[in-house]
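User: I want the reasoning behind the labels on this fold. Take me through it step by step.

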Amino acid sequence: MSYEKVSQATNVIVGTKQTVRALKSGHVLEVFVASDADPRIAESIIHTAKEMDVPITIVDSMKKLGKACGIDVGATTVAIIQ
């Protein structure tokens, strides 16, 4: 379900830096974080999302998350934006 939600979204941001930037600007509706990502990076995103009161969904695979976004590499984080 989570991967389907990402693949069907029209406005997504892929990657940690862009996700943090979007979170701080207040444009994020939901954040997806891969559980197999580097724990330090994942914790940073989760912490920022909680501060901004944005829903967080944990998915099991960076590779599947990247594929859901239409890229050929894994994605640590993906944000659905307004």
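**Sheet and helix labels**

Analyst: In this predicted model, four strands make up an open sheet with mixed pairing, ordered E1-E4-E2-E3. Strand E1 (12-14) and strand E3 (56-59) are at the edges; each has a single partner strand, so one side of each lacks a neighbour in the sheet. On average, neighbouring strands of this sheet are turned by 20 degrees against each other, direction ignored.

User: What makes E1 and E4 count as paired strands?

Analyst: The cut-off is at least two bridges between two strands. E1 and E4 have three bridges, in the antiparallel sense. Therefore they pair. One bridge partner of this kind is Val78 in E4, which is matched with Val14.

User: How do you know that the pairing is mixed?

Analyst: Look at the two sides of E2. Strand E2 (residues 28-34) runs parallel to E3, and four bridges join them. Ala34 has Val59 in E3 as its bridge partner. E2 and E4, by contrast, pair in the antiparallel sense over five bridges. There, Val28 has Ile81 in E4 as its bridge partner. Parallel and antiparallel pairings both occur, and the sheet is mixed.

User: Why is E4 called largely enclosed?

Analyst: A residue is buried under 20% relative accessible area. Four of the five residues of E4 meet that cut-off, so the rest of the structure largely encloses this strand. Helix H2 (residues 16-25) lies across E1, E2 and strand E4 (77-81). H2 runs at about 35 degrees to E4.

User: Why are H2 and H3 called roughly parallel?

Analyst: Angles under 35 degrees count as roughly parallel. H2 and helix H3 (residues 39-51) pack at an angle of about 15 degrees. That value is under the cut-off, and the two helices are therefore roughly parallel to each other. Their axes are 10 Å apart. The crossing of H2 and H3 is left-handed.

User: Which residues meet where H2 packs on H3?

Analyst: From H2 come Thr16, Thr19, Val20 and Leu23. They meet Ile41, Ile45, Thr48 and Ala49 in H3. The contact divides into five nonpolar residues, three polar and no charged.

User: What makes three of them polar?

Analyst: Val, Leu, Ile and Ala are on the nonpolar list, whereas Thr is on neither the nonpolar nor the charged list, so Thr counts as polar. Thr16 and Thr19 in H2 and Thr48 in H3 are in the contact. That accounts for the three polar residues.

Terms used:
Residues are numbered from 1 along each chain as its sequence is written. This is a predicted model: local features need pLDDT of at least 70, side-chain atom pairs count only at pLDDT 80 or more; totals for chains, interfaces and linings use all residues. Side-chain values use heavy atoms; hydrogens and water are left out. Axes are lines fitted to C-alpha atoms, for helices over the stretch in contact, and angles run from 0 to 180 degrees between N-to-C directions. Contact means heavy atoms within 4.5 Å. Angles under 35 degrees count as roughly parallel, over 145 as roughly antiparallel, 65 to 115 as roughly perpendicular and the rest as oblique. A crossing is left-handed if the near helix is turned anticlockwise from the far one by less than a right angle, and right-handed if clockwise. Buried means under 20% relative accessible area, exposed over 50%, partly exposed in between (1.4 Å probe, protein chains only).
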